[in-house]
Amino acid sequence: MTFNDSILLPSQETLVQRLQHVSLYGQQLIAVTGGNGSGKTTLITSLLNELEEFSSALVTCPKHCESSEIRRKILVQLFSDPVFDDEIPLADTILRLSSSLPQSSFIVLDDAHYLPMELIAECIMLSLLDIPGKNLSLTLTCSQSFFDELEAGLSDTHQETLLCINIEPLAAKEREALYYTLLSRSAEDPFTPREIVKSQLEKQLGNPQEVVNLLELSLNGQTSIEPPRRWPKGLLAGLLLLVVCITSLLLFIMPSSQAISPSIDKTVTQAWGKPTTLVTYGEQVLVGYFENRAYLLDKQRAEILLASQEKKHTESLLSAESSTEVISKPDTALAENKPEVFTAKPVEIIELQTNKQPTPVEVKQDKPVITDGYTLQIASVRKAKSLKNILSALKPESEVSIARHGDRWIVLLGEFSSLGLANEKARSLVEKYQIGLPWVRQLKDIVDYERQDSLAINDIPI
């Protein structure tokens, strides 16, 4: 059902009388503000009905409207035989056609917050016109936020040309009177207790549109205004006690989260139940992710270790006064997790998990174990493909050897009798191959490494 006939409440009638007085005798641009459904359109429509003996122009401004369109709608209503250009500002056109302008004219723009700012400026200038023998009044309806923004952007002189009339919310008695007045006009009698209607009206903000919406819900048989169901206090207490008992029981019989939570490794590498294509694909993707994450963590730890070692080597070289040589033994746990530091040739780091396993390498000892002296550790890698790339780059070096430690391949170069010779060789490798500074290690620290001296490049399994 729609309610086309406007009904003015006492507070609204007072507001219309004030608007009528200001429009006839005021010299300001009137701005009627209020929220959605507050009755702005109803008020200005009633105002024009009161001023029906005068010439008036009512324009409802749509969203994204153009200035020329609004100018044309205004001028067509003011002049009987308009000859004008809608691209020219309103003030210029009205001054040029002032002789054809009625004695009293009222321009009302509804939803003026959709207007371009240039047209708002024209309205302000139009309200300042003083045409001899003519009375021209402008009234705008807009939101309160738009008016505040407009007023903040004007100077003090132009702010005085604006008059804001805000629509206050309806009182509770007026809302109830409006509801039953509209109900009597609807010629229907829905069964809704007065107490329920009153409680629903008290929850509203005071806009007339809210009262209309409530009546439409009542007439259409909606249940949104049904009285709230109140649960008995005894029932609420019983439900609360039941929830507490169930929660306590679950906490008592449930195993710890540590026992039922699968580890990250199991989530990635072990399928629960019968594996599917989707599960297999997910495992491959996640394996690559966690390998990359482990590599980044290893790289970060290695950078910290290398920076500390280089600092110690520099201090040792500067403070050495004799053949006494001091070298700090790095943390074994970090040394075993040292990532690839060889950068002469790009090496593919992330590889998807495959079913192909590397062939174990037979340990061959061709030389007696020497524990006195130093050697250079070039790189420590897990993948045979990376190892082959490093060995290919170091092919010109004749003293390269391979060792195995856990699941890593260790690339070593040379055996030196003193720390000075080892450092000199390390610096020459940096200049020749543009790699990071090799790790100078004592031979006695790598005695548990499985040397692979007789292993050729082609023999390394992929």
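**Exercise 1. Determine whether Glu69 is buried, partly exposed or exposed, and describe its salt bridge with Lys73.**

Step 1. Glu69 has a relative accessibility of 24% and therefore counts as partly exposed. The classes are defined as follows: buried means under 20% relative accessible area, exposed means over 50%, and partly exposed lies in between (1.4 Å probe, protein chains only). The structure is a predicted model, in which local features need pLDDT of at least 70 and side-chain atom pairs count only at pLDDT 80 or more, while totals for chains, interfaces and linings use all residues. Residues are numbered from 1 along each chain as its sequence is written, and side-chain values use heavy atoms, with hydrogens and water left out.

Step 2. Lys73 is also classed as partly exposed, at a relative accessible area of 34%.

Step 3. The closest N and O atoms of Lys73 and Glu69 are 3.2 Å apart, and the two residues form a salt bridge. This term denotes a side-chain nitrogen of Lys or Arg within 4 Å of a carboxyl oxygen of Asp or Glu.

Step 4. Both residues belong to helix H3 (residues 67-78); because they are 4 residues apart, about one helical turn separates them. Helices (H or I, at least four residues) and strands (E, at least two) are DSSP runs, numbered from the N terminus.

**Exercise 2. State how many salt bridges the whole structure contains, and examine the pairs Glu397 with Lys432 and Glu415 with Arg451.**

Step 1. The search of the whole structure yields 7 salt bridges.

Step 2. One of them joins the side chains of Glu397 and Lys432, at 3.3 Å from N to O. This pair links distant parts of the chain, 35 residues apart: Glu397 is in the loop between helix H16 (384-393) and strand E7 (400-405), and Lys432 is in helix H17 (residues 419-433). Glu397 is buried at 13% relative accessibility, whereas Lys432 is exposed at 52%.

Step 3. Another joins Glu415 and Arg451, at 3.9 Å from N to O. Glu415 lies in strand E8 (residues 408-416) and Arg451 in strand E10 (residues 450-451), so this salt bridge ties together parts that are 36 residues apart in sequence. Glu415 is partly exposed at 41% relative accessibility, and Arg451 is buried at 18%.

Step 4. Salt bridges with shared partners connect Glu397, Lys425 and Lys432 into one network.

**Exercise 3. Give the order of the strands in the open sheet, and describe how E4 is placed within it.**

Step 1. The sheet has 5 strands in the order E2-E3-E4-E1-E5, with parallel pairing. Two strands pair if DSSP finds at least two bridges between them. Strand E2 (55-60) and strand E5 (162-166) are the edge strands, each pairing on one side only.

Step 2. Strand E1 (residues 29-33) and E4 run parallel and are joined by 4 bridges; Val32 has Thr141 of E4 as its bridge partner. Strand E3 (residues 104-110) pairs with E4 over 6 bridges, also in the parallel sense, and Ser105 stands opposite Leu136.

Step 3. From E3 the chain passes through helix H5 (residues 117-127) to E4, in a right-handed β-α-β crossover. Right-handed means that, with the strands pointing away from the viewer, the path from the first strand over the helix to the second runs clockwise.

Step 4. In strand E4 (residues 135-142), 8 of the 8 residues are buried. In a regular strand the side chains alternate between the two faces of the sheet. Asn135, Ser137, Thr139 and Thr141 point one way from E4, and Leu136, Leu138, Leu140 and Cys142 point the other way.

**Exercise 4. Compare the expected span of helix H8 with its end-to-end distance, and identify what covers its buried residues.**

Step 1. The expected span of a helix is 1.5 Å times one less than its number of residues. The 14 residues of H8 (residues 172-185) should therefore span 20 Å, and the end C-alpha atoms are 20 Å apart, which agrees.

Step 2. The buried residues of H8 include Glu174, Tyr179 and Leu183.

Step 3. Their cover includes helix H1 (10-25), helix H9 (194-202) and helix H10 (208-219); contact here means heavy atoms within 4.5 Å.

Step 4. Just after H8, Ala187 takes a positive phi of about 60°.
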